[in-house]
6 protein chains.
Amino acid sequence: MVRSDGRSAAQLRPVRIEGNYLMHPEGSVLITVGHTKVICTATVEEKVPPFLKGSGKGWVTAEYGMLPRATGSRTQREAARGKQGGRTLEIQRLIGRALRSVVDAAALKERTIWIDCDVIQADGGTRTAAITGAYVALYQACAKLLAAGLVERQPVQEGLAAVSVGKVDGELYLDLCYSEDSQAEVDMNVVMTASGNLVELQGTAEGVPFSRAEMNGMLDLATEGITQLLREQKAALLALGIPITE
Amino acid sequence: MVRSDGRSAAQLRPVRIEGNYLMHPEGSVLITVGHTKVICTATVEEKVPPFLKGSGKGWVTAEYGMLPRATGSRTQREAARGKQGGRTLEIQRLIGRALRSVVDAAALKERTIWIDCDVIQADGGTRTAAITGAYVALYQACAKLLAAGLVERQPVQEGLAAVSVGKVDGELYLDLCYSEDSQAEVDMNVVMTASGNLVELQGTAEGVPFSRAEMNGMLDLATEGITQLLREQKAALLALGIPITE
Amino acid sequence: MVRSDGRSAAQLRPVRIEGNYLMHPEGSVLITVGHTKVICTATVEEKVPPFLKGSGKGWVTAEYGMLPRATGSRTQREAARGKQGGRTLEIQRLIGRALRSVVDAAALKERTIWIDCDVIQADGGTRTAAITGAYVALYQACAKLLAAGLVERQPVQEGLAAVSVGKVDGELYLDLCYSEDSQAEVDMNVVMTASGNLVELQGTAEGVPFSRAEMNGMLDLATEGITQLLREQKAALLALGIPITE
Amino acid sequence: MVRSDGRSAAQLRPVRIEGNYLMHPEGSVLITVGHTKVICTATVEEKVPPFLKGSGKGWVTAEYGMLPRATGSRTQREAARGKQGGRTLEIQRLIGRALRSVVDAAALKERTIWIDCDVIQADGGTRTAAITGAYVALYQACAKLLAAGLVERQPVQEGLAAVSVGKVDGELYLDLCYSEDSQAEVDMNVVMTASGNLVELQGTAEGVPFSRAEMNGMLDLATEGITQLLREQKAALLALGIPITE
Amino acid sequence: MVRSDGRSAAQLRPVRIEGNYLMHPEGSVLITVGHTKVICTATVEEKVPPFLKGSGKGWVTAEYGMLPRATGSRTQREAARGKQGGRTLEIQRLIGRALRSVVDAAALKERTIWIDCDVIQADGGTRTAAITGAYVALYQACAKLLAAGLVERQPVQEGLAAVSVGKVDGELYLDLCYSEDSQAEVDMNVVMTASGNLVELQGTAEGVPFSRAEMNGMLDLATEGITQLLREQKAALLALGIPITE
Amino acid sequence: MVRSDGRSAAQLRPVRIEGNYLMHPEGSVLITVGHTKVICTATVEEKVPPFLKGSGKGWVTAEYGMLPRATGSRTQREAARGKQGGRTLEIQRLIGRALRSVVDAAALKERTIWIDCDVIQADGGTRTAAITGAYVALYQACAKLLAAGLVERQPVQEGLAAVSVGKVDGELYLDLCYSEDSQAEVDMNVVMTASGNLVELQGTAEGVPFSRAEMNGMLDLATEGITQLLREQKAALLALGIPITE
């Protein structure tokens, strides 16, 4: 069973995580997964939302955007439309929730880390690439806080990455590109920790409902993909001089 | 293991689906699940969005809202804030997608069915109650189209219901009420068809990631709950003089 | 002279005020006037708008909404449109102003009571039903404040109700239903106190200007209707264990 | 009983209606009532809103605004706030409704007249001054349509003017200025035709409900004021070479 | 070379600056340049934006608007559209920046002066008329602060006026009216101080790029026009009893 | 006189224009000027705005944005704020106007070219870098139209580039970086054609007005810089296989 780009069913597209991509942010990467490219940055702000004031705990929140020509035909700029669409809000809520699941809010202390994920070029899997890249930017920003003595331990407690899986023409595939995704019967996004537990699981039948056996097959593929992505993240952090010491 | 309201782990709250709840819509119910109450209506509009013009296919779309005092403390009215929040957009996208998965768009022909789900009182599980109730309103509206000779067969092809499951204090529970949901470690919404296949699966770790074994345990609970909800839907439709004939 | 629904010119539609309609709010009713149904709630908030800070006085404010299918054809959701329309703003300003006219702001002390009126089903007279129902929800919320020792006397000083009157086909009618209202030559909303004084009077010629004699005839009808509505409110409060002791 | 500015209870402030105030619009006046100054313009547009297409009937609609420093302290610019407030929407709906009541929509044919009322300086009574001035601008624009042979008869069928009345310190007064209005117990706006019939009546108790006797006293005052305003309108039109020929 | 209105190339249209035009603002003028009429007001507010708190310095900011029928065909009201257009934002940023360049922020102390420029009638050159008129309103408001002992010296340090120049049909003209502006090949707005220095220079080729020689020719014309406008401003202030004492 | 980064007064920062930067758009570059990086894309749309329908002429329009962490401290995302700021609108109007000045609208025929300029990293001069880069993307998109036979001649008629100049500490400098710009007394943006004529000139005194001699000095510097930028653009197009044949 060969896919349109020659990959096997369980094969990721080429992944590259380029650290220190921008000069200003406390953490930044360009993550490339096949033709999908996302700039992920982490910004430290020394205050927290009102509901956390006085709690001693920090916060991680995310925003997501796409350049108008990240896509095959031009997408209207959300700033010009005057609001973020439902898809954007859904994705940025997912990114924030996923990252918070591996952060020790007390270790972070009363500060916020803003994650910005901006898709420069889209070819499927932008939200999972954003989570995988944002993890590195977040870790880097936290490492700077630790180096500066502003936190006492690394607030990021465990590895975390995300990947998409799906069912196309009856076959289960890892890491769908856009042409696969647009004709998939099932599309599932999986966020998993280094210890193999699930943080988010979002499966959607596009047309044909799926069985539990299929779901399990997709989770097996996702687990393989995430194992590889975690290695890429580690390598990218090491290249920045930040060894992960779990 | 007894829950705060005395239920067992695999027990739904009392469910009631009251048909023909409003006089104007083509389909309408009030669904009550424990203290959660949602008015679901279906409106037939004789046109389709631009991307379906000339396709011969219909469309189902959904909107979701909550009265300001559906909740324990007052929630600001979205119409007054000037925009729908991310949570609202996410829920209404989910409702529309779930219902479309069991609708034969060609059988519906070029018309739109608008689903409106308005939460009158909230005590957890509003999005799953909305899907379960909306299914009945949708089916009723389509039955009217069929009776009027506007469609040739019932466009709704299969039964569909939704329920929440979760992990609270290390225990897996079916159908979380608000007090359980607010302290759950994992929260999962499951949309399933009458044939037992999955349409949507959205699991979120609130704090502690979950294992695949836990995921499977939650899916088992959800399957039980959905079986019972499908019976309630059938009974409600029968009470409206609409037998489901799959 | 018999009306479309068999009523006489000076006859109200059947009125029902169901107290404690929702579990969360400090005051809540479902008011039914013919086919018109409005959920009215009162929420106590322990702060006041900036212009009252330090004044020792409280505030009563109102918001109004309609479910999309409260009406014969679907009305676009104001939250989705991104703003409340002129009609909505006008009605909620009216409700707030009318209720404030019978509230002793100093007795309420520095707190706000939010009134929410949501029309579940519309068949004419929604704004007057909203005022009549909201009065009961407000009184109930204030009675709770009194029982809790948070105010020293009931801040609601006098009975208040509202009704519509109009001229249809040359005849003056009390309490117009939608089909009458949509062909009325004159439409007048009257808000009156238990002592028979006027709080708001809004008369509009839809097409043909009206004489002062007609205006007086309409006010006579309104006075009769309001007398009956005040009795219904008293009965509803008594059923909640709250006798009105003016 | 002498008022703060020396007027008697039934005395209008000095009124001046200056025609052809702006060079571009089809009709325009500056109306001055005491210190209140409103620019009123009428614009002819050769199309109608969708609900009138093909009906053969025209439409009159109004918009209202205030310069930020029309008032004693600066009011935030609505264009900068991003929306028109409830008061603005309420007033412009009133102006449009009032003017439509004296226009023969069929005589106007399928075209829209836009009325713009912009308050340059405010000292109470801006909405009634706007209606009184807008009537002249509307009449002028229609006279031009008639002169150009675009309509067959003057679509404005009858004279129309508006004035405020109120109760201040227990006394009934005609034409309240701002300092009177801000301490009035009752505030009533009256729109009346040349034949003495009512088009709009909006009475509001600011604090103390009012009796029907007081309402009648206020209507008597309003009738006197409107008689005088109708004379001023006629004179202003005559000065533009447009005799009113009822 | 005679222009459409008979002016010579270097001739301004008739200018009139009428002080104390409105009763409420601390400074106000109506400036008339040919058919262009702009109401300019200055409002003193005893606070500064957050970024200046504690700095001891004041702020000058401007807003700009146009009545819908200031123009030949009706322009949609920005308050009704729900946002200010790009042209409006650009102009009001220019006005604020220009005025701040001659204000000693420390002399003003921690207060804001709001400038509002509202175009009543437009015939080209509204932004430059707004700056020229706003200067007088600002000076007047500051003179009141000085007279009241709230500032120790006049914060406005130097004269400032603005004019447009352009190239029409190959000729360089001062102070374009609308019909000239709409067919100009180059349009340039110049803001200059009494000492002949430049504060803002915005030249735009509408179609045909311009040479440096042409730019210099336009600047020469602008300098002549501004010299005359500065005289008009001085005369207007003197008529208000405010001699400029540079 | 040495600048903070060692450049001479008339020296540009290192410039790099990387063509075909994104896979989807018809034209795209990444332009780097010092640390400033802007992605510029050109999208061809086969329709024109309403005011050009039937004219036979095309349109060029531009939008501009910045990633939140393009800047030293995080800028709020305009899509999240719900509107584009005045600065953004001003810049995108400038970019569109500048490019249109060298495009033969008739040669382009009835189609629109959308220019999107997104700042990835900002260090001063983003608007001039955007214009310079957008020119190349536009030229490339037009070259594709020509190659495809959709236009008969290259619609871009002449070279165009932009640069900033300013006065810092009394010295005139070419191509200000952010640290220079933020302390500049004068900031001027110059858009010029290959033939040395001016298309846009926007000079602003930040604090101290400037003389005509200084303006001329700045224009001399700008002319030098633009000559070099035009060479870079030509080289970038040649590398894409598109020789400029003026």
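How much area do chain F and chain A bury between them? In this predicted model, the answer is about 2,800 Å², with 54% of it on carbon and sulfur atoms. The views below take you through that interface and then to another pair of chains.

**View 1. Chain F meets chain A.** Here you can follow 35 residues of chain F in contact with 35 residues of chain A. On the side of chain F, look for H24(F), R69(F) and R77(F), which lose the most area to chain A and together make up 25% of what that side buries.

**View 2. Charged and polar pairs link chain F with chain A.** Between these two chains the count is 12 salt bridges. One of them joins D118(F) to R77(A), where the closest N and O atoms are 2.9 Å apart. Across the interface, 23 residue pairs are in polar contact, both residues at pLDDT 80 or more.

**View 3. Strands and a helix of chain F face chain A.** On the side of chain F that touches chain A, at least two residues each come from β3 (36–45), β4 (59–66), α1 (78–81) and β5 (112–121). The most come from β5(F), with 6 residues. Sorted by type, the residues of this side are 16 nonpolar, 10 polar and 9 charged.

**View 4. Chain C and chain D about their axis.** A turn of 180° and a shift of 0.0 Å along the axis lay chain C on chain D with an RMSD of 0.0 Å. The two copies are therefore related as by a two-fold rotation axis. The same surface serves both copies, as 100% of the contact residues of chain C recur in chain D. To find the axis from chain C, start at Q202(C), whose C-alpha comes closest to it among the residues of that chain, at 2.3 Å.

Methods. Residues are numbered from 1 along each chain as its sequence is written. Chains are lettered from A and ligands numbered from 1 in the order in which they are written. This is a predicted model: local features need pLDDT of at least 70, side-chain atom pairs count only at pLDDT 80 or more; totals for chains, interfaces and linings use all residues. Side-chain values use heavy atoms; hydrogens and water are left out. Contact means heavy atoms within 4.5 Å. Buried area is the accessible area (1.4 Å probe) that two parts lose on being put together, summed over both. A salt bridge is a side-chain nitrogen of Lys or Arg within 4 Å of a carboxyl oxygen of Asp or Glu. A polar contact is a pair of N or O atoms within 3.5 Å; within protein, one must be able to donate a hydrogen and the other to accept it, and residues adjacent in sequence count only if both atoms are side-chain atoms. Helices (H or I, at least four residues) and strands (E, at least two) are DSSP runs, numbered from the N terminus. Ala, Val, Leu, Ile, Met, Phe, Trp, Tyr, Cys and Pro count as nonpolar, Asp, Glu, Lys and Arg as charged, and the others, Gly among them, as polar. Copies are superposed by least squares on the C-alpha atoms of residues with pLDDT of at least 70 in both.
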